[in-house]
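Me: I should like to go through this structure by question and answer. Please let each reply finish on the item requested.

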Amino acid sequence: MSEQTIDGIIEKYRGQPNSLIHALVEIQHENHWLPRDVMHKVAAALQVPFAQVMQIASFYKAFSLTPKGRHEVHVCTGMTCHLRGAAKLRAKVEELTGLKDGETDADSRFTYETGACLGSCSIGPELIVDGKHYGRMTPEKIEDVLKQYE
Amino acid sequence: MSEMTEIVLTIDGQEIKATAGMTVLQAAQKAGIYIPTLCHHEKLEAFGGCRLCMVEVEARGWTSYVVSCVYPVAKDIVVRTRSAKVDKIRKVLVEELMAHAPDAPELIRLAEEYGADRNRFERDASFCIVCGLCVRYCNEVKQKNAVGFIDNGARREISFIPEVAKDECWDCQECFTICPTSYAQAAYLLTEALAFPGQRKVPIKTTQAPEPTRRVIPIMPVAATT
Amino acid sequence: MPKLQSAAELEKYRAEILARRDPAKPCIAVCVGAACDGMDSAAVAAAFVAEGGKLGDKIEVRTTGCHGYCEKGPNVVVTPGDICYFEVQPTDVPEIIAATLKGEVVERLVYKDPNTGAKAVHMNEVPFYKHQTRLLIGDNPKIDPMRIDDYLAVGGYAALVKALTEMTPEQVLDEVKKANLRGRGGGGFPAGSKWETTRNAPEKTKYVIVNGHEGESAAFMDRAMLTGNPHKILEGLIIGAYAIGAQKGFMYTRHDMPLLEKHVRNALAQAKEYGLLGQNILGSGFDFECELHFDVGIFVSGESSALMRSIEGNAPEPRPKYIRTSVNGIWDKPSNLNNVETWANVPQIISKGAEWFTSIGSEKSKGTKLISLSGNVVNSGVVEVPMGTPLRTLVFDIGGGVRDGKILKAIHFGGAMGGSIPADLIDSPLDFDGMSKLGAPIGAGGLLLMDEDTDMVEVARYLMDFLVNESCGKCVPCREGMQQMLHLLTNITRGEGKPGDLERLEDLIEVTGVASLCALGKTSGDPLKSMFRYFKPEYESRISGGSAGK
């Protein structure tokens with residue numbers, strides 16, 4: 001994403017310290033991560049100490065302080081998914097990608113994350129790739145799903 | 001300015017006169033009654049984080065447990081700064097903190113007072129008890145924001161911001177002296193060593209920074225525990 | 001659409017919508033709620049639109065929010081007749097359309113009882129639905145959440161009209177108080193009293209907030225309501241604002257549900273366009289605006305004071321103040337916060353009256369309750385039953401019992417801060433106070449079944465692991481206490497428990513419960529407390545070297 005788009009978002013919130021979270025959410029959404037120099041720009045424009053920007057950016061799970069892969073692989077670890085075998089899905093994803101929770105591979109293909117609860121408990125356990133839900137997942141089916149994402 | 005309202009309350013059986021707007025902790029301190037605390041500082045906004053200053057309050061027939069650094073004085077409330085329950089709370093809190101900073105003198109003293117066992121819980125010697133004094137002092141008093149909180153939950157820690165610390169910390173270092181575990185100093189030095197070794201701003205006229213009043217933590221012999 | 005200037009204009013407009021509709025014209029409602037969407041119901045909806053389009057105007061296709069029976073999605077309901085089709089695939093579409101046009105039913109896609117093989121065609125015959133009282137969720141199949149006209153067609157905003165034109169704010173407040181509407185978010189605190197506190201606070205600027213955060217694991221009914229029928233919640237909020245005297249509202253919800261965001265944004269824009277938000281609503285002189293806010297993925301942000309900090313743009317840490325947010329909330333102004341389901345109840349209380357509302361439910365818990373039924377249950381989904389309904393009805397009649405023919409071991413309520421009760425308490429009624437006494441408070445309404453294979457130590461460890469990651473970390477008892485509980489529970493599940501571990505856990509539960517700053521920490525030990533009450537031998541035998549579960 002272009003620097004202009006980020007600057008545009010920052011400009012929209014210039015001088016509005018209360019909009020810090022909004023600004024960071026938009027940048028995260030567009031850019032998929034929050035580079036440090038961008039957070040400095042946000043701090044300066046919104047008149048918020050950089051330390052506070054860091055606090056918020058590191059506090060919330062939705063923000064990433066490192067670049068993400070092209071595809072986000074998410075295993076739901078909500079309670080129903082857990083009771084219905086999410087641990088086996090995790091193990092399989094970890095085996096196939098070589099990643100642990102929160103990591104991105106060297107080719108920037110996948111970022112792997114776990115988290116709860118996405119509210120589609122009835123079709124758990126679930127694998128979610130780039131926002132697309134794969135319900136009633138089994139470890140055996142995972143490889144075929146991941147193959148679709150290059 | 002309206003006239004200050006005087007409020008009478010009872011703390012540990014003593015009748016105490018306080019002013020409306022005061023906290024129970026302030027009223028107690030004014031009357032010379034000691035309540036332990038690790039995150040309170042008179043120059044800072046009440047934080048209510050360490051929970052050690054928790055006391056028993058009886059109001060309108062109800063007993064509750066409140067943090068005295070935040071709880072406002074009120075007419076006729078009865079405060080007990082020690083009770084079996086209060087002591088138990090403090091004991092367990094100190095035990096929890098000693099998992100991180102087992103040798104901090106302040107915690108050792110509190111452990112003696114409340115019978116806390118420094119080895120009761122699984123160790124994670126991070127040395128920081130996340131009281132936030134450094135972060136809040138830097139923000140509220142110095143307004144430099146050279147150190148902040150990062151992350152959440154059990155992963156929360158303090159972190160110096162190298163870009164700011166490089167220019168701001170050399171002639172301040174006041175947070176080192178208010179840190180109950182000496183971790184602030186260690187964290188700063190580590191940041192300096194990693195992020196701006198040898199680049200710390202130095203005074204132009206004098207070559208020596210003013211002597212900070214640092215507290216040195218003695219290495220404590222580990223007591224045999226049963 | 002020109003702005004509606006008065007109640008009369010709204011009613012006239014409603015009459016026009018209804019006049020344009022032919023109740024005999026077949027309508028196919030395809031659920032695109034969270035679970036159905038996960039089973040690719042969007043492809044089913046697209047197939048219906050494509051096939052139906054070929055027929056011109058003979059058939060209407062509507063994409064809707066959650067119907068409820070998530071287990072059997074993608075769900076399709078055909079009106080007239082409320083014919084329910086389950087697990088519908090795009091390839092089934094031509095057959096359904098053909099049958100619908102002939103007034104027939106596709107037998108192979110209707111409900112079939114797994115034991116007797118008996119079929120159920122209509123919604124009120126399907127066991128999952130027939131034991132429910134669907135006052136709140138029941139409209140979902142009738143509404144395309146993107147169309148305000150669909151909500152108006154089922155009588156939407158009539159309660160707002162009544163409140164603004166026939167009632168004073170005091171009368172609205174009185175009605176809600178008389179209805180004894182209790183907060184659905186967890187505490188069960190009377191909503192009317194809370195409204196009154198905010199109303200009576202001296203500060204003129206006041207706020208009302210919808211807590212749509214729904215961070216409780218395995219609770220998904222608020223999302224089903226807010227995504228499926230956003231105007232109902234908005235109507236409740238506007239009525240509440242009128243009663244309280246608030247000028248501004250905030251909808252606080254999840255960032256990770258694109259459909260929810262789309263529907264709510266659209267609902268706010270449409271309400272504004274129609275003049276149901278903004279200046280001088282329906283000519284009543286009442287002004288009200290509403291803003292949308294998002295959590296950014298952490299559970300503690302659902303805690304009321306933390307949520308308000310987050311709306312202010314700060315880190316969502318609870319405030320260490322002994323003052324209620326209803327007096328001292330967002331930017332220190334009086335702020336009344338209720339959850340989605342609480343607000344959703346408001347319109348019907350105003351329309352039908354407190355007397356009607358209190359005729360439903362148990363002695364002290366009135367109305368219906370939305371329940372997210374999941375875990376090791378046969379029929380998972382969003383369920384709505386009157387308060388006081390025995391858990392047995394929920395678990396067996398509606399839920400169809402335990403999956404894979406297993407035996408029920410425990411029922412868990414209230415997510416990570418709730419509690420588990422053993423199967424032999426299955427006849428207890430669903431009731432705020434009763435369930436709290438048993439140690440399994442309803443919480444927001446996530447009900448999980450656990451079968452005979454469930455390892456109760458592992459469940460407690462899992463819940464604690466969840467909470468440790470969701471804590472803000474500000475106060476010691478929550479941050480450190482939960483971490484230590486997690487260490488101990490992890491050791492016990494690994495067979496590395498030590499003598500004294502149970503005492504350590506009990507001390508941690510006690511101190512974390514009394515000394516934590518906010519509700520997250522205060523209730524973090526509750527699941528474990530219920531475990532110690534009902535399943536302690538399992539813990540003891542694990543520590544002394546016994547085997548897992550059973």
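Me: In which loop of chain B does Asp12 lie, and is B:Asp12 buried, partly exposed or exposed?

Reply: B:Asp12 lies in the loop between strand 1 (6-11) and strand 2 (14-19) of chain B; strands (E, at least two residues) and helices (H or I, at least four) are DSSP runs, numbered from the N terminus. Phi of B:Asp12 is near 50°, a positive value in a residue other than glycine. Buried means under 20% relative accessible area, exposed over 50% and partly exposed in between, with a 1.4 Å probe and protein chains only. Because its relative accessibility is 37%, B:Asp12 counts as partly exposed.

Me: On what basis should the values be read?

Reply: Residues are numbered from 1 along each chain as its sequence is written, chains are lettered from A and ligands numbered from 1 in the order in which they are written, and side-chain values use heavy atoms, with hydrogens and water left out. Local features need pLDDT of at least 70, side-chain atom pairs count only at pLDDT 80 or more, and totals for chains, interfaces and linings use all residues, since this is a predicted model.

Me: What is the exposure class of B:Phe127?

Reply: B:Phe127 is placed in the loop between helix 3 (105-114) and helix 4 (133-141) of chain B. Its phi is near 70°, a positive value in a residue other than glycine. With 46% relative accessibility, B:Phe127 counts as partly exposed.

Me: How many helices and strands does chain B have, and what percentage of its residues count as buried?

Reply: Chain B has seven helices and seven strands. From the N terminus on, their order is β-β-α-β-β-β-α-α-α-β-β-α-α-α. Of the 226 residues of chain B, the share that counts as buried is 48%.

Me: How far apart do the C-alpha centres of domain 2 and domain 3 of chain B lie?

Reply: Chain B is divided into domain 1 (6-81), domain 2 (83-125) and domain 3 (133-195), with bounds that come from an automatic or database domain assignment. For domain 2 and domain 3 of chain B, the distance between the C-alpha centres is 25 Å.

Me: Which peptide bond leading to C:Pro80 is cis, and what is its omega?

Reply: C:Pro80 is found in the loop between strand 3 and strand 4 (83-85) of chain C. The cis peptide bond runs from C:Thr79 to C:Pro80, with omega near -5°.

Me: Why is helix 11 of chain C called oblique to helix 12 of chain C, and what is the handedness of the crossing?

Reply: Helix 11 (residues 230-244) and helix 12 (residues 258-273) of chain C pack at an angle of about 55°, with their axes 9 Å apart; axes are lines fitted to C-alpha atoms, for helices over the stretch in contact, and angles run from 0 to 180 degrees between N-to-C directions. That angle makes helix 11 of chain C oblique to helix 12 of chain C, because angles under 35 degrees count as roughly parallel, over 145 as roughly antiparallel, 65 to 115 as roughly perpendicular and the rest as oblique. A crossing is left-handed if the near helix is turned anticlockwise from the far one by less than a right angle, and right-handed if clockwise. The crossing of helix 11 with helix 12 of chain C is right-handed.
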